[in-house]
Amino acid sequence: MEPKTRCTTERTWTAGILILLTALVQSLPLSSWAQPTAAGASGIAPIEFNIPAQPLPSALNTFAETSGLQVSYPSEMASGLTSSSLVGAYTPQAGLNVLLSGTGLAYSFTEAATVTLVQGGAVAAAPVLAQAQASSDEPPSAASTEKQKPVKVPEIVVKDVKERDDYNNYVAPEANTATRTDTPIIQVPQSIAVVTQNVIQDQRAVRVEQALRNVSGVALGDVGQSGIAADVAYCRGFPCGYFKNYLRNDDQNQVLTFRDVANMQRIEVLKGPASVLYGRSEPGGIVNILTKQPQADRYASIDQIIGSYNYYRTMIDVTGPLDEGKKLLFRVNGAYENTESFRDVVHGFRYFVAPVFTWQASNHTTVVVEGEYIRDRRTPDTGLPAIGTGLAAVPDSRFFGERFDTMAFEEGRAALAVLHQFNDAWRIESRFRADISTATAARTVPLAVVANQSLARFFFDQLAPISSYYWRNDVIGKVSTGSIKHEVLTGVELGRQYASYNQAAVPFDTISIFNPVYGQTPEPVLQKTPFSHSFANALGGYVQDQISLPYNLHLLLGARGDYFYQHSGVNGADTTAENYAFSPRVGLTYQPLPPVSVYANFTKSFLPNFGPFTAARNQFDPTTGTQYEAGVKSVIVPGRLTSTLAVYRIDKTNVLAPDPANPLFFIQTGAQRSQGVEFDLTAQLADGWKVIATYAYTDARVTEDTRSIVGNRLPLVARNTGSFWTTYDFQVDPLKGFGVGGGIFAVGERAGDLANSFELPGYVRTDAALYYRKREIFPHTNLIAQLNAQNLLNQDYFYSGGQSRASAGFVGAPLTFLGSIKLEFF
């Protein structure tokens with residue numbers, strides 16, 4: 001298709017999507033925007049439940065999402081208990097009676113919509129009065145009221161992120177990232193993986209990349225070692241896009257240093273193109289980070305970690321109500337970190353704080369205000385160079401910068417979410433976030449290997465301020481057309497972002513690879529000048545329909561239209577570009593049996609080029625991606641064993657890659673393809689025994705290019721990767737309270753650069769852990785003591801690289817111990 005024709009077609013599709021959205025919003029019944037239904041005002045009608053007998057925490061999660069009640073209880077109270085089966089139409093109170101029968105637990109209403117579980121006693125009787133009033137206009141007599149004394153009938157409660165059982169389980173039965181609705185993972189026609197808080201804690205993951213090792217098909221890139229753009233990972237061979245609470249959290253455009261785990265509740269990885277709901281993104285997938293939210297019960301913890309190489313990290317977590325009615329809740333997470341390294345000269349520190357406030361404005365409206373502040377300063381480290389087809393044979397500790405090399409980051413973000421439930425069927429979610437970040441750097445950068453003996457270097461003095469503002473609005477509702485049920489989502493996203501880059505650069509001393517001498521030349525004093533500036537405006541409209549068909553078929557249809565305008569200037573020369581895109585998704589799931597589903601999907605992605613380091617090249621066409629995927633999912637035992645097997649092919653066109661002649665810029669190489677097989681399994685095989693296992697085969701290659709690299713493998717992506725992690729908590733005395741864990745993380749050989757001129761060798765890393773958990777070691781105080789050994793067998797390995805011969809391999813840490821003591825107060 002000719003460019004002009006293609007542009008016209010995409011504008012037509014974009015306009016069509018926006019018109020369709022307007023029509024859908026205007027077609028909502030007026031009652032949807034008015035007061036709740038009669039049932040919600042005077043009582044609660046029976047609700048259809050389908051909760052098989054399963055571990056009580058996961059059963060309560062499903063019950064809370066179905067009923068709209070908030071169920072509060074200490075995690076240890078439900079640990080090891082099994083719910084009764086709850087299938088059929090019940091009021092929420094009657095359903096909870098059935099669910100808790102045989103557990104020895106009772107409940108009470110602390111508010112209209114908040115239930116607290118308690119030990120012992122009789123479970124509250126079902127509110128017969130409420131059911132009667134729902135079907136009768138006659139008020140009850142005083143005598144009947146006195147006789148029955150019903151509990152207060154709750155109304156629907158909106159909650160931003162429910163406190164799932166992420167602290168006690170590796171298995172996640174549901175994830176919202178794929179559809180933005182409460183759809184069980186087994187019914188979603190796309191591969192999605194979840195890393196729960198329990199996994200993050202057990203493995204003592206203090207970086208996002210450490211948690212992502214538990215997801216098949218994810219490879220590590222630059223995770224904050226060498227400079228700007230941290231937490232870089234590759235999903236199915238292509239860079240993962242980052243989101244936080246469903247709003248974009250891109251490297252370079254919103255984030256300049258690595259993300260802190262202190263306020264992370266869980267990490268959801270949606271594999272394959274996600275543009276249909278999230279707009280511009282790479283075709284390999286997105287990583288959506290969900291943050292911890294305030295809770296109605298008072299809780300506080302302090303977690304002190306001390307590790308090898310003078311690693312110190314302190315984390316705090318405080319949450320609870322600010323008023324007697326528990327309508328205003330708060331949570332504050334914070335962290336301080338100070339560390340040296342097994343690498344010579346390298347060190348760093350950071351401060352992090354993240355307050356959150358939730359206001360239950362009514363039984364139908366919740367307002368969430370959230371903030372983050374990071375101050376980070378550390379030594380940039382470009383790793384080891386390549387010589388020949390491998391890495392330089394030098395000690396793993398060798399550093400090729402200077403002692404004055406420093407990068408400093410300051411980031412602040414503020415978010416607002418307003419969630420309103422119109423009635424049982426319709427709700428709206430409005431989310432806004434502002435991000436402001438600044439990176440400053442004074443550092444040496446290796447540019448080339450000279451005669452296989454030394455590194456040619458430049459000195460850069462850099463300043464990169466960025467900011468962005470994004471507002472997303474989703475309307476979600478359920479309708480029926482005869483016997484066919486629909487869950488419809490429609491929304492609009494607006495965004496604006498700025499980026500600039502000031503720098504000064506001069507050639508610097510070469511440094512010997514085999515006998516480096518530091519400090520031969522003092523740090524240059526330079527005057528930075530503006531190099532580039534850019535801004536962009538984004539508008540997207542989208543619609544999605546999840547259709548439940550007869551014969552256990554679930555059809556997912558979606559489409560999005562995007563408009564992206566960008567303006568940039570480099571050395572006084574301004575350029576502009578406009579991009580239009582149409583991103584569809586079609587998926588089908590078939591459940592021949594309740595615990596098994598077969599699915600397939602077709603979906604596309606769209607990504608313009610924008611940022612302080614690509615502004616000079618915005619004459620590039622946007623990259624596009626197309627995926628075909630099929631797979632099988634299973635939930636053999638609800639809440640205890642889930643798995644996903646997927647096969648896929650992704651074709652990506654108009655691809656950017658680092659320019660070998662100048663690492664600060666990019667070139668457009670043509671087309672690439674990634675195809676492979678992935679398997680993920682999470683299980684709780686018995687009380688106290690948890691397992692995660694993954695495997696991925698990824699064949700990612702260049703398929704079109706003007707140079708002689710067609711057929712080359714994409715850098716840093718291994719053909720074969722896998723992981724296995726398991727823990728066991730002893731259930732009986734005298735070892736009750738103790739636990740053990742261990743696992744392996746295996747990565748095959750990888751191409752080091754796009755030219756495939758050298759390789760990073762494969763490796764198998766072994767980790768282990770010991771735990772001691774003591775409930776109420778003091779009154780209202782729990783103790784968790786933990787010792788983690790990372791790289792237990794002291795394997796030499798390279799976890800990733802900089803995709804150039806001068807910065808070829810990032811060295812993995814040798815045997816590392818992390819000991820921690822955590823006190824929980826409640």
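Me: How many bridges join S6 to strand S12 (residues 264-271), and do the two run parallel or antiparallel?

Reply: Two strands pair if DSSP finds at least two bridges between them. Helices (H or I, at least four residues) and strands (E, at least two) are themselves DSSP runs, numbered from the N terminus. In this case four bridges join S6 to S12, and the strands run antiparallel. Val194 stands opposite Glu268 in S12.

A note on the source. This is a predicted model, in which local features need pLDDT of at least 70 and side-chain atom pairs count only at pLDDT 80 or more, while totals for chains, interfaces and linings use all residues. Residues are numbered from 1 along each chain as its sequence is written, and side-chain values use heavy atoms, with hydrogens and water left out.

Me: What is the order of strands in the open sheet of five, and which strands stand at the edges?

Reply: The order is S6-S12-S13-S10-S11, and the pairing is mixed. Strand S6 (192-195) and strand S11 (247-248) are at the edges; each has a single partner strand, so one side of each has no neighbour in the sheet.

Me: Is helix H5 mostly covered or mostly exposed?

Reply: Buried means under 20% relative accessible area, exposed means over 50%, and partly exposed lies in between (1.4 Å probe, protein chains only). Of the nine residues of H5 (residues 92-100), eight are buried, so by this definition the helix is mostly covered. Among them are Pro92, Gly95, Leu96 and Leu100. After H5 comes Gly102, which has a positive phi, near 85°.

Me: Why does Arg331 count as buried?

Reply: Its relative accessibility is 2%, so Arg331 counts as buried. Arg331 is in strand S16 (residues 328-339). A polar atom of the Arg331 side chain lies 2.8 Å from the backbone oxygen of Gln293. A polar contact is a pair of N or O atoms within 3.5 Å; within protein, one must be able to donate a hydrogen and the other to accept it, and residues adjacent in sequence count only if both atoms are side-chain atoms.

Me: How many disulfides are there, and which residues does a disulfide join?

Reply: A disulfide is a covalent bond between the sulfur atoms of two cysteines. The rule used here asks for a pair of cysteine sulfur atoms within 2.5 Å. The count by this rule is one. Cys235 is joined to Cys240, S to S 2.0 Å, and both residues are buried. The torsion about their S-S bond is about 110°, so the disulfide is right-handed.

Me: How many cavities does the structure hold, and which residues are closest to the centre of the largest?

Reply: On a 1 Å grid over the protein atoms alone, a cavity is a set of points where a 1.4 Å probe fits but cannot get out; lining residues have an atom within 4 Å of a point. Grid points are joined across faces, edges and corners, and a volume is the space filled by probe spheres set on the points.

The structure holds 13 cavities of 30 Å³ or more, and the largest has a volume of about 840 Å³. Of the 34 residues that line the largest cavity, those closest to its centre are Arg207, Gln210, Ser341, Phe342 and Ala813. Helix H9 (208-212) and strand S41 (816-825) each supply at least two residues of the lining.

Me: How do the residues of that lining divide, and what counts as nonpolar?

Reply: Ala, Val, Leu, Ile, Met, Phe, Trp, Tyr, Cys and Pro count as nonpolar, Asp, Glu, Lys and Arg as charged, and the others, Gly among them, as polar. The lining of the largest cavity has 13 nonpolar, 13 polar and eight charged residues.

Key: 1 Å grid on protein atoms, 1.4 Å probe; cavity = no way out; pocket = protein on both sides within 12 Å on 5 of 7 lines; lining within 4 Å.
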